[in-house]
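I open this notebook to record what I looked up, entry by entry. The ligand comes first, and a sheet follows.

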Amino acid sequence: SAVTVSAEPPPLAQKERYKVGFSQMESNNPWRIAETKSFHDTAEKCNWDLIATDAAGSAAKQVADVDSMIAQGIDVLFLPPREEKPLIPAVKKAKAAGIPTFLVDRSVDPNSAKAGEDFVAFLGSDFVDQGRRVAEWTIENFKGEKGVIVELEGTTGSSPANDRKKGFDERIAKDPRFTIVASQTGDFARDLGRQVMETLLQAHPDVNIVYAHNDEMAIGAIQALELAGRKPGEDVTIVSIDGTRDALQAISDGKMGVTVESSPFFGPLACDVMKRYAAGEKIEPWVQVKDRIFTKENAADHIAEAY
Ligand code: AHR
């Protein structure tokens, strides 16, 4: 007999305690560790029995992790999909099992899965806008005559890498002072960012701006530049996204120019949105997080609270 799948995401019953799944994608950087901690901290306050997994950088393992959570009977799933396409089957499987899913911090390909249908909502930042704001800061603050840009991209196929590239590239292209001479993935990782920067520096010794899609790669790039005898903050402008402690320190030390915030502290928002959903409220398809901007003017004030 034909199985009918409802157009709406599964409802969430109102309960004293919830069995909550949080499927983390990797734990190789401070951002991911802070996000996982935020979910653990929230578990106590929000009456969750939390099952948290770590896919160790593999989308295939993340799919398997979600499978195992479904088998363990979670009430609700919080999922940061490592890449836009490979996690779609996991989202659909959770729905078929009657489990409402909230995407957190990263999204999936909108042509293949939809908010208000396959999943309840996406909780997160406007990545296109983050990239655009970095470009605008660069246009306003870069003092040289010609800006020669190396771009270090995030994880290939991930929503922040796609969107941060789009936002930055489109805005910077409108100013003829700037050229992006190379754009290559560093997988959002410090060490790969350093290695890629080392290689790109040999091919493009005239680089004077590095745009990294996250702070970890920006710090890696600073290490590579310093090793090559360059002076980040003086002869190379470093711009990026997140707001980690190391980046705020680098800004306050004058080595980095700007970082647009992308907060990892999703636990409290997840608790709030889930409660609203259980109460029968219609959730907006995109619960948007507003991001601050950290520059020399304010970076030092935020180091203590950073991760
Ligand atoms: O999805 C958000 C991004 O993922 C963060 O900017 C990055 O640091 C993390 O790995």
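**Entry 1: the ligand's surroundings.** Which residues are around the ligand? I note that the model is predicted. I found Asn-29, Trp-31, Arg-32, Asp-105, Arg-106, Pro-160, Arg-164, Asn-214 and Asp-242 around the ligand. Sorted by class, this shell holds 5 charged, 2 polar and 2 nonpolar residues.

**Entry 2: polar atoms facing the ligand.** I then looked up distances from side chains to oxygen atoms of the ligand. For Asp-242, a polar side-chain atom lies 2.6 Å from a ligand oxygen. For Arg-164, the distance from a polar side-chain atom to an oxygen of the ligand is 2.9 Å. Asn-214 likewise has a polar side-chain atom 2.9 Å from a ligand oxygen. I also looked up the ligand's surface: taken alone, the ligand exposes 280 Å², and the protein buries 100% of that.

**Entry 3: the space and its walls.** I recorded that the ligand takes up the space of the largest cavity. Helix 1 (30–45) and helix 5 (159–172) are the elements that give two or more residues to the shell around the ligand.

**Entry 4: the sheet.** In what order do the 6 strands of the open sheet lie? I read the order as 7-6-8-9-10-12, and the pairing is mixed. Strand 7 (178–185) and strand 12 (293–294) are the edge strands, each pairing on one side only.

**Entry 5: one strand pair.** I chose strand 9 (residues 237–242) and strand 10 (residues 258–261), which run parallel and are joined by 4 bridges. Within this pair, I located Ile-241 opposite Val-260 of strand 10. I add a general remark: strands of a sheet pair through backbone hydrogen bonds, either parallel or antiparallel.

How values were computed: Residues numbered from 1 in each chain as written. Predicted model: local features only at pLDDT ≥ 70, side-chain atom pairs only at ≥ 80, totals over all residues. Heavy atoms only, no water. Near = heavy atom within 4 Å. Polar contact = N/O pair within 3.5 Å; in protein donor to acceptor, adjacent residues only side chain to side chain. Areas by Shrake-Rupley, 256 points an atom, 1.4 Å probe, with all protein chains shown as cover. 1 Å grid on protein atoms, 1.4 Å probe; cavity = no way out; pocket = protein on both sides within 12 Å on 5 of 7 lines; lining within 4 Å. Sits in = over half its atoms within 2 Å of the grid points. Nonpolar A, V, L, I, M, F, W, Y, C, P; charged D, E, K, R; others polar. Pairing = 2+ DSSP bridges.
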